[in-house]
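Below, some labels given to parts of a protein model are checked against their cut-offs. Each answer sets a value beside the rule and concludes.

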Amino acid sequence: MKISIKHFIPAAMLCALALTACDEDAMVVNPDTAHDKSTATEEVISSKGHLDSKNYPGGDMILFRIGSPEQTGLDPSELKYTDEVRLILPEAADKDRTFRIGMNPLYAGGDYYYGQSITIPFNKEHYMECQTLTGSGGLGNNLSLNGDGECIVTIKAGQTTSDAVKLEFNGQGMMVNDAYMFPIQATDTESGELITELPYICSVAAGIDYLVGEKPTVNIAYIDMETMNPLIATQFMIDVTHSDFNTGEDVKLYYGKLLDIVNIRTSYIKKDGNGHVKLFLNPDLEYVLKNRLRYLYPIQRDGIKVCIAIKGGGTGIGFANMSDEQIADFTAQVKTVVDLYDIDGVNLWDESAGYDIEGSPAVSGMAYARLIKSLKGAMPDKLLTLVDTRETTEALCDPQDGISVGDYLDYAWSSLEDYIAPYEPSPTSRALAGMPEKRYGTIFMRDIVHMSNEEQEALVMGEGVLGPFMAGTRFDKLSGTDVIVSDYDYGKESMWNEPWNIGMMAKFPMPEDFSFMVMTMVKPTKLVWTYYAFKKDW
């Protein structure tokens, strides 16, 4: 069951913004008027009620790990996870009503065949691989509700919400990184009617996912909402190990979460039918934003920043040819969306704007610099990042109208697989004005397994920036490797190892005597396997 969440925007923020929509994409400032047809299903509109989690409010499926990366050497039964749920009715109760909160007793008790009858269809529907615990006590030993196996709550006449029920999970009998489903139900005690069910999906992290060292890079990824569920961002850890070939000693430099920033795709800058500059979102991105408590809040809870990627929309307007009035208008729209959905920032990717369309304003480095300054000034506490597409960013290597863009950008990186390296000892390109090397990424690439044979050969055998590292002929580090960026746009899960492995190889190259090597391995959780759990599910 998906819960429709209402949003409100101050009228002053809306007065200059048209609320228009089309079949292909929508300008979203008020999510409830973005499309003529509501994305909420009839089931949601006529819902009997829903269970709301304190940790993940509004979520219709709760994915969590029991134990933390810092916990090691503990018996799984010692690992705890707590949450609270409240039952919320769509309308005030006409009389005092009581409800049972708990799992189905047969499922909780570990009946093998009954458990399979629930988990098998659930796994197929949600592309997951959830296990059930059988034997004495089953999953009933792993969950208490207000200290018991179940509890009764009352919603008083005239009210809509029950008191909180405390859920406490433990890892007794669970295998590390296997996933287990706990379907928490609310049932009317008078009629026996099932009101709602909230699946909790638990995996045990401790014992393997231990945190080691200081992360050597800022890792940034793009995830395309047309193909992927963004929650996949939470499902990868990265292991960076220094292997000394003389002593045989391995020293773990870092082990912890893979990603720091996720750019969700895609939004566009376009001209509407009246020639006004607008921010448009594709329908999949719009849906994810409208359901951010389900799809984005858990990512942010894991300490990963979520930003919106903005590209050109092919209408002749882009970041580098707006007037001052258009810049102010566009900035207001971006800020509205960022504030409305509690997003951590925006990424500017100046691609496919259609600058060559007849009648389009001339490209100007000054316009691009003013836009960057305007966006950062309007959102100083938000991330502002940029893809260094040299077609329009070359001018930004010099101050424009007194603006050094590096003073306003948090991070910037090379365009996809161009490997721009302005900080090399003998660079072939200049750095963006004011942008320090520590905040610039030379490497922005797809996973090598998704490249064609020709692309792989060019990467490994070519004379480009990365070729010497791949061939083992360069022994000094590549500049601009404190930031590594990858595009995760394949429609299914994979190991997703090489962008990070190649980045670390360039940051920590082997010495000339080949006496050591820094090896990197991305480790996905159990949820990423078999059923493609993070395929788009809307």
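Q: What share of the chain's contacts between residues at least 6 apart in sequence join residues at least 24 apart?
A: In this predicted model, 78% of those contacts join residues at least 24 apart. A contact here requires heavy atoms within 4.5 Å.

Q: How much of the chain is buried, and what makes a residue count as such?
A: Buried residues make up 54% of the 538 residues. The label requires a relative accessible area under 20%. The accessible surface of the chain comes to about 22600 Å², and carbon and sulfur atoms hold 50% of that area.

Q: Why is the contact between Asp 339 and Lys 335 called a salt bridge?
A: Their closest N and O atoms are 2.6 Å apart. The limit is 4 Å between a side-chain nitrogen of Lys or Arg and a carboxyl oxygen of Asp or Glu, so the pair qualifies. Both residues belong to helix α8 (residues 324-340), and because they are four residues apart there, about one helical turn separates them.

Q: Why are Asp 339 and Lys 335 called neither buried nor exposed?
A: Asp 339 has a relative accessible area of 36%, and Lys 335 has 28%. Buried means under 20% and exposed means over 50%, so both values fall in between and the residues are partly exposed.

Q: Which class, buried or partly exposed, does each partner in the salt bridge of Arg 474 and Asp 476 fall into?
A: This salt bridge has an N to O distance of 3.1 Å. Arg 474, at 17% relative accessibility, is under the 20% limit and therefore buried. Asp 476, at 41%, lies between 20% and 50% and is therefore partly exposed.

Q: How do you know that the salt bridge between Lys 507 and Asp 482 links distant parts of the chain?
A: The closest N and O atoms of the pair are 2.4 Å apart. Lys 507 is in helix α13, whereas Asp 482 is in the loop between α12 (467-471) and β22 (483-488), and 25 residues separate the two in sequence. Lys 507 has 10% relative accessibility and Asp 482 has 17%; each value is under 20%, so both count as buried.

Q: What makes Asp 388, Arg 390, Glu 394, Asp 398 and Arg 430 one network?
A: Salt bridges that share partners join these residues. The whole structure has 27 salt bridges.

Q: How do you know that β12 and β23 pair?
A: Two strands need at least two bridges to pair, and nine join β12 (residues 236-244) to β23, so the criterion is met. The two strands run antiparallel. One of the bridges puts Thr 241 opposite Met 519 in β23.

Q: What makes β13 and β23 the edge strands of their sheet?
A: The open sheet has the order β13-β12-β23, with antiparallel pairing. Strands β13 (250-257) and β23 (516-524) each pair on one side only. Neighbouring strands of the sheet are turned by 15 degrees against each other on average, direction ignored. Helix α13 (residues 498-507) packs on this sheet, touching β12 and β23, and its direction makes about 160 degrees with that of β23.

Q: Which strands pair with β8, and over how many bridges?
A: Strand β3 (residues 80-88) pairs with β8 (residues 165-170) over six bridges. Strand β6 (residues 143-145) pairs with β8 over three. Both counts satisfy the minimum of two, so each pair qualifies. The sense is antiparallel for β3 and β8, and also for β6 and β8. Leu 167 in β8 stands opposite Asp 83 and opposite Leu 145.

Technical notes:
Residues numbered from 1 in each chain as written. Predicted model: local features only at pLDDT ≥ 70, side-chain atom pairs only at ≥ 80, totals over all residues. Heavy atoms only, no water. Axes fitted to C-alpha atoms, helices over the stretch in contact; angles between N-to-C directions. Buried < 20%, exposed > 50% of the residue type's maximum accessible area, 1.4 Å probe, protein only. Areas by Shrake-Rupley, 256 points an atom, 1.4 Å probe, with all protein chains shown as cover.
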